[in-house]
Amino acid sequence: MINTKIYKSIYKLAEELLEADRIGNQEKFDAFYAELKAICTDNENKDKDKDHPEQWETLADFTEDLDDALVIYDKALEKAKAINSKDHLSSIAFSMAVLQLETGNKEAAIQSLQNAKITANKIEDREFKVEIDEMLTKLLGE
């Protein structure tokens with residue numbers, strides 16, 4: 001379980017990042033991103049409730065460079081494995097697959113989706129499971 005104070009900070013920063021992006025204010029976006037990155041870095045290798053995959057996944061979500069985002073998602077994935085969070089394992093693997101497709105790495109995307117499908121068996125979000133299956137089926141059929 002993520003520390004409540006950290007969760008609230010991450011959620012607020014995510015909203016601010018979305019708004020800065022929506023209005024096209026790169027300066028604000030960069031400042032909020034730096035703040036989010038500092039939270040992740042400050043809490044890295046601390047208690048599991050402080051060094052949680054949620055913060056790393058959020059950081060990756062807002063990382064503009066796709067290769068850098070994949071590195072951060074990989075770190076988030078390791079944090080999710082450490083606490084055996086099926087929800088995070090599934091969502092991170094799915095996000096990785098989307099970026100891997102964008103960078104032209106179809107085989108890695110298929111592997112990520114297969115991993116997402118395995119961990120999604122243990123989650124309740126049926127719509128997300130369908131989304132994973134549909135994307136995987138499409139890629140395997142190409």
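## Glu-16 and its helix

Glu-16 counts as partly exposed, at 22% relative accessibility. That value sits just on the partly exposed side of the cut-off, because buried means under 20% relative accessible area. The model here is predicted, so please read every value below as computed from that model. Glu-16 belongs to helix α1, which covers residues 4-23.

The side chain of Glu-16 has a partner: it forms a salt bridge with Lys-12, and the closest N and O atoms are 2.6 Å apart. Why do Glu-16 and Lys-12 have about one helical turn between them? The two are four residues apart in helix α1, so about one helical turn separates them. Lys-12 is partly exposed as well, with 47% relative accessibility. Glu-16 also has a neighbour from further along the chain: its C-alpha atom is separated by 7.0 Å from that of Phe-32, although the two residues are 16 apart along the chain.

## Salt bridges that reach helix α4

A search of the whole structure finds six salt bridges, and the Glu-16 and Lys-12 pair is one of them. Two others involve lysines of helix α4, a helix that spans residues 66-83.

Take Glu-44 and Lys-75 to begin with. Their closest N and O atoms are 2.7 Å apart in the salt bridge they form. Glu-44 lies in the loop between α2 and α3 while Lys-75 is in helix α4, so this pair ties together parts that are 31 residues apart in sequence. Are these partners buried or partly exposed? Glu-44 counts as partly exposed at 26% relative accessibility, and Lys-75 is partly exposed too, with a relative accessible area of 30%.

Lys-79 and Asp-51 form another salt bridge, with 2.6 Å between the closest N and O atoms. Here again distant parts of the chain are linked: Lys-79 is in helix α4, Asp-51 is in the loop between α2 and α3, and their positions lie 28 residues apart in sequence. Lys-79 is buried, with a relative accessible area of 14%. Asp-51 is buried as well, at 7%. Both values fall under 20%, so both residues meet the cut-off for buried.

## Two asparagines with positive phi

The loop between α2 and α3 is also home to Asn-45. Helix α2 covers residues 26-43 and helix α3 covers 53-61. Asn-45 is not a glycine, yet it has a positive phi of about 65 degrees. It is exposed, with a relative accessible area of 64%.

Where is Asn-84 placed? Asn-84 is in the loop between α4 and α5, the latter being residues 86-102. Its phi is near 55 degrees, again a positive value in a residue other than glycine. Asn-84 is partly exposed, with a relative accessible area of 48%; it stays in that class because exposed means over 50%.

## A negative patch on the surface

If you are thinking about charge, this is a good area to look at. Asp-87, Glu-124, Asp-125, Glu-127, Glu-131 and Glu-134 form a negative surface patch. Which helix gives the most to the negative patch? Helix α7, residues 126-141, does so with three residues.

Glu-124 is placed in the loop between α6 and α7. This member of the patch is exposed, with a relative accessible area of 76%.

## Inside helix α6

Helix α6 runs over residues 106-120, and it holds both Thr-119 and Ala-120. Thr-119 counts as buried, at 13% relative accessibility. Which atom does the side chain of Thr-119 reach? It reaches the backbone oxygen of Ala-116, at 3.2 Å.

Ala-120 is buried too, with a relative accessible area of 2%. From C-alpha to C-alpha, Ala-120 and Leu-139 are 18 Å apart in space, and they are 19 residues apart in sequence.

Key:
Residues are numbered from 1 along each chain as its sequence is written. This is a predicted model: local features need pLDDT of at least 70, side-chain atom pairs count only at pLDDT 80 or more; totals for chains, interfaces and linings use all residues. Side-chain values use heavy atoms; hydrogens and water are left out. Patches are made of residues with over 30% relative accessible area and no salt bridge: like charges are joined within 9 Å, nonpolar side chains (Val, Leu, Ile, Met, Phe, Trp, Tyr) within 5 Å. Accessible areas come from the Shrake-Rupley method with a 1.4 Å probe; for residues, only the protein chains shown count as cover. A salt bridge is a side-chain nitrogen of Lys or Arg within 4 Å of a carboxyl oxygen of Asp or Glu. Lys and Arg count as positive and Asp and Glu as negative; His and the chain ends are not counted. The place of a charge is taken as NZ of Lys, CZ of Arg, CG of Asp or CD of Glu. Buried means under 20% relative accessible area, exposed over 50%, partly exposed in between (1.4 Å probe, protein chains only). A polar contact is a pair of N or O atoms within 3.5 Å; within protein, one must be able to donate a hydrogen and the other to accept it, and residues adjacent in sequence count only if both atoms are side-chain atoms.
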